[in-house]
Amino acid sequence: MGLTYSYGIYLRPENVPRALNEVAKLAPPERRVPPLAVTLPGGERVVLPFTSDFESEPVDCTGRDRVTLDTSLVFPADEAVRAYAEEGGLSVADGRVRIGYVYLDMCFPPLMDPRHVCLDFWAATSRMSRLFEDSAAIKKVFTDLAEAAGAVCCLFDTGDGGPERLLWGTAPN
């Protein structure tokens, strides 16, 4: 089994639409998939440039503990991202790199705290997992996303059963 590193962003349910709209801004502008309509547990609908199970059929999160989206994200090309791009034959455009699929599990509620929702962004491959750990630019994207979304915290998890690392957080509400 390969490595599965992830960034977990914990936020209040009312902040999920804002967070998902911020994630959509990280999608490559040239990505051509039909828009995905996602209805959140509170009934709010968000339209995203992603898929779920690699399809664009509407997703209703009501009554579900977990929903997975297949995102395609671009990240600033710091040294680690540039090396990843070079090794994988990926192009750098405008100082950014589309690194491949990053899966997004939305957990309603997460195991950690039933008052929150977790947006868990996990790497699709072991090589991408190592990039998640090595790249300061990727870390900053996720911590900035947490802040912009009004999250409570952003954690990094190596999936090895050890404690997650707190990367960003606010005082408990």
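This passage describes helix H4, the nonpolar cores and the charged residues of a predicted model.

Helix H4 covers residues 136–148 and has 13 residues. From its first C-alpha to its last it reaches 18 Å, close to the 18 Å expected at 1.5 Å a residue. Ser-135 caps the N-terminal end of H4. A side-chain oxygen of Ser-135 lies 3.3 Å from the backbone nitrogen of Ala-137. Just after H4, Gly-150 takes a positive phi of about 70°. The buried residues of H4 are Ala-137, Ile-138, Val-141, Phe-142, Thr-143, Leu-145 and Ala-146. In an α-helix, residues three or four places apart point the same way, because there are 3.6 residues a turn.

Phe-142 of the helix also belongs to the largest nonpolar core, which has 51 residues. Phe-142 is listed among the residues with the most contacts inside that core, together with Ile-9, Ile-99, Met-106, Leu-119, Phe-121 and Phe-132. Another core, of five residues, lies apart from it; Tyr-10, Cys-118, Cys-153 and Leu-155 are among them. Beyond its neighbours within four places in sequence, Met-106 is in contact with residues including Leu-20, Val-38, Cys-61 and Leu-119. Two charged residues, Asp-65 and Arg-66, are also in contact with Met-106.

Arg-66 takes part in a salt bridge with Asp-105, at 3.0 Å from N to O. The pair links distant parts of the chain, with Asp-105 in strand S7 and Arg-66 in strand S5, 39 residues apart. Asp-105 is buried at 8% relative accessible area, whereas Arg-66 is partly exposed at 47%.

Asp-120, in strand S8, is buried yet has no salt bridge. Why not? The nearest side chain of opposite charge, Arg-66, is 5.3 Å away, and a salt bridge has to fall within 4 Å, so the pair does not qualify. The side chain of Asp-120 instead makes a polar contact with the side chain of Ser-6, at 3.1 Å. Asp-105 is also in contact with Asp-120.

The count of salt bridges comes to five. One of them joins Arg-127 to Glu-87, with the closest N and O atoms 3.5 Å apart. This pair links helix H3 to helix H2 across 40 residues. Arg-127 is partly exposed, at 27%, and Glu-87 is exposed, at 60%. Helix H3 also holds Glu-133, which pairs with Arg-165 in strand S10, 32 residues apart. Here the closest N and O atoms are 3.3 Å apart. Both residues are partly exposed, Arg-165 at 41% and Glu-133 at 38%.

Key: Residues numbered from 1 in each chain as written. Predicted model: local features only at pLDDT ≥ 70, side-chain atom pairs only at ≥ 80, totals over all residues. Heavy atoms only, no water. Helix = DSSP H or I, 4+ residues; strand = E, 2+ residues; numbered from the N terminus. Expected span 1.5 Å × (residues − 1). Buried < 20%, exposed > 50% of the residue type's maximum accessible area, 1.4 Å probe, protein only. Polar contact = N/O pair within 3.5 Å; in protein donor to acceptor, adjacent residues only side chain to side chain. Contact = heavy atoms within 4.5 Å. Core = buried A, V, L, I, M, F, W, Y, C linked by side-chain atoms within 4.5 Å.
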